[in-house]
Every structure is written in structure tokens, then in C-alpha cells.
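Biologist: I would like to go through this model with you and ask how each label is earned. Shall we look at it together?

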Amino acid sequence: MSCHDENGMFEPEMTVYHGSNCDYYAHDEFCCDGCKDSCTKGAPKCNICELQMKNLLAQLITLYPTTAFSFTMQDGTIITGTPTGMLDPYNNGIVVVTSSGDPTEYVNVCQIARVELLSATYNTQITYVSGCLCPTCSGCDESIRSLISVGEIICIPRGVPITGATVVAVAPGIIALDSGANLWFVSTCHMDSFTIIDNVTG
């Protein structure tokens with residue numbers, strides 16, 4: 001698949017990543033790498049963190065169908081409930097969240113900073129988008145991931161603090177943490193700071 005940039009120039013063929021739903025696009029006007037800064041005709045403009053979060057949530061809804069989720073948004077707002085599906089077949093941009101006695105909420109995936117699964121443990125069936133085609137779109141993400149390894153115990157103090165959680169996965173745009181009680185998926189684009197409590201490399 002290929003596309004044109006905002007100036008009408010023809011772009012080279014691009015990889016369609018699992019979970020990005022780019023297979024819905026049938027025309028070359030659409031950019032489907034999920035991380036280009038500018039695409040035409042309403043194509044996705046998400047960075048790698050957003051693309052990974054969309055990919056991840058589509059799986060979590062299936063793997064944890066009855067689990068309560070807590071979404072921390074970029075502005076600090078917390079939304080709690082059970083996600084029942086995702087809307088927008090092209091972009092998976094909206095999570096539908098239900099909570100007993102409350103109206104259904106529609107959560108903007110691109111504004112999610114972290115997801116907490118209550119009373120859940122990590123499922124090794126989870127797969128991740130492997131990377132980003134744009135070399136400049138994920139610099140901060142790469143810097144954070146270079147400091148964190150699977151098996152380390154880290155603390156994220158900002159917002160609702162995460163303390164004493166073990167890193168179970170490190171992937172482009174996301175860090176997965178397991179405390180033994182709850183499970184977190186944290187967008188590396190929205191990690192203000194973190195502390196490594198126990199470094200596996202010594």
C-alpha cells in the first residue's frame with residue numbers, strides 16, 4: 001500500500017501493521033503506517049504510542065472480557081468500567097466503556113496515558129506492533145525504552161502512583177507492568193518520570 005503526502009507527492013510503499021486496521025483502506029490516498037506527521041484525506045495521524053495503544057486495547061477487550069479497566073487520560077481524568085468494544089473500523093479510535101448504573105462512555109484512545117486492569121495478571125498471548133516507519137516520531141519513546149528492561153521493578157510517581165510493579169513487556173510506545181494484583185499498560189509518550197527500584201542488570 002502507498003499514499004500521497006500533503007503536497008501530493010507519491011510516498012513509497014508502507015508496511016501495514018497488525019492491529020492498525022489499515023487493510024480497510026483500499027486507495028493510495030490513505031497513509032497506513034500509523035505514524036506519519038501528515039497524511040491526506042483524513043488518514044491516521046497517530047504516533048507510535050497511539051498506534052500501539054489501539055492495537056493493545058483491541059486485544060485486551062477480548063482477553064479480559066469481564067475485567068474492570070481504569071483509564072488514566074492525559075489530563076489526569078480517570079475513567080473506570082468494563083470496555084465492551086471499539087468504534088471506528090478504520091482507526092479503532094474509540095473505546096466503549098460501561099459501568100453499572102452509569103451512562104455508557106466513549107473514550108478517545110489517543111488521549112489515554114495508561115490503562116490499569118484490576119485484579120489481573122499478564123497474558124503472554126498479547127502481541128505488539130513492532131515499530132514505526134518514521135525515524136523522528138518516537139524519539140522520546142526510544143529513550144525511555146532504552147533505560148527499562150523486562151524484570152526490573154519500577155515506580156511511576158505522577159498521577160495515581162504505580163509502586164513496586166515488575167516490567168513484563170517493553171515494546172514501542174508501551175510499557176507493561178504487573179504488581180501481582182493489578183496490571184498496567186503505560187504509554188511511553190506520557191511517562192513524566194519514573195524510578196528504577198530494582199535493576200536486573202545489577
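**How the labels are earned**

Modeller: Residues 24 or more positions apart account for 57% of the contacts in the protein chain with a separation of 6 or more. A contact means heavy atoms within 4.5 Å. This is a predicted model, where local features need pLDDT of at least 70 and side-chain atom pairs count only at pLDDT 80 or more, while totals for chains, interfaces and linings use all residues. Residues are numbered from 1 along each chain as its sequence is written, and side-chain values use heavy atoms, with hydrogens and water left out.

Biologist: How many helices and strands are there in the protein chain?

Modeller: The protein chain has two helices and 10 strands. Both kinds are DSSP runs, numbered from the N terminus: helices (H or I) need at least four residues and strands (E) at least two. From the N terminus on, the order is α-β-β-β-β-β-α-β-β-β-β-β.

Biologist: Why is the link between Cys-49 and Cys-189 called a disulfide?

Modeller: A disulfide is a pair of cysteine sulfur atoms within 2.5 Å. The sulfur atoms of Cys-49 and Cys-189 are 2.0 Å apart, so this pair fits the definition. The structure holds one disulfide, and it links distant parts of the chain: Cys-49 is in helix H1 (residues 48-63), and Cys-189 is in the loop between strand E9 (183-187) and strand E10 (195-198), 140 residues apart. With 80° about the S-S bond, the link of Cys-49 and Cys-189 is right-handed.

Biologist: And are Cys-49 and Cys-189 buried, partly exposed or exposed?

Modeller: Buried means under 20% relative accessible area and exposed means over 50%, with partly exposed in between (1.4 Å probe, protein chains only). Cys-49 has 3% relative accessibility, so it counts as buried. Cys-189 has 30%, so it is partly exposed.

Biologist: What about Cys-110 and Cys-155: buried or exposed?

Modeller: Cys-110 has 17% relative accessibility, so it counts as buried. Cys-155, at 15%, is buried too. Over the protein chain, 48% of the 202 residues count as buried.

Biologist: What makes Tyr-122 and Phe-185 an aromatic pair?

Modeller: A pair of aromatic rings is described by the distance of the centres and the angle of the planes. Rings of Phe, Tyr and Trp (its six-membered ring) pair if their centres lie within 6.5 Å; planes under 30 degrees apart count as stacked, over 60 as edge-to-face and the rest as tilted. A search of the whole structure finds two aromatic pairs. For Tyr-122 and Phe-185, the centres are 6.4 Å apart and the planes differ by 40°, so the two rings form a tilted pair. Tyr-122 is in the loop between strand E5 (112-117) and helix H2 (139-145), while Phe-185 is in strand E9, 63 residues apart. Phe-185 has 0% relative accessibility, so it is buried.

Biologist: Ser-187 is also in strand E9. How do you know whether Ser-187 is buried or exposed?

Modeller: Its relative accessibility is 1%, so Ser-187 counts as buried. Leaving out residues up to four places away in sequence, Ser-187 touches Cys-49, Met-53, Ile-112, Ala-113, Gly-173 and Ile-174.

Biologist: Which residues does Ile-148 contact?

Modeller: Apart from neighbours within four places in sequence, its contacts are Ile-154, Val-167, Val-170, Ile-175, Met-191 and Phe-194. Ile-148 lies in the loop between H2 and strand E6 (153-156). Its relative accessible area is 4%, so Ile-148 is buried. Val-170 sits in strand E7 (residues 162-171). With 28%, Val-170 is partly exposed. The C-alpha atoms of Ile-148 and Val-170 are separated by 7.5 Å, and the two are 22 residues apart along the chain.

Biologist: What makes the phi of Ser-119 worth a look?

Modeller: Most residues other than glycine have a negative phi. Phi of Ser-119 is near 55°, a positive value in a residue other than glycine. Ser-119 is in the loop between E5 and H2. At 69% relative accessibility, Ser-119 counts as exposed.
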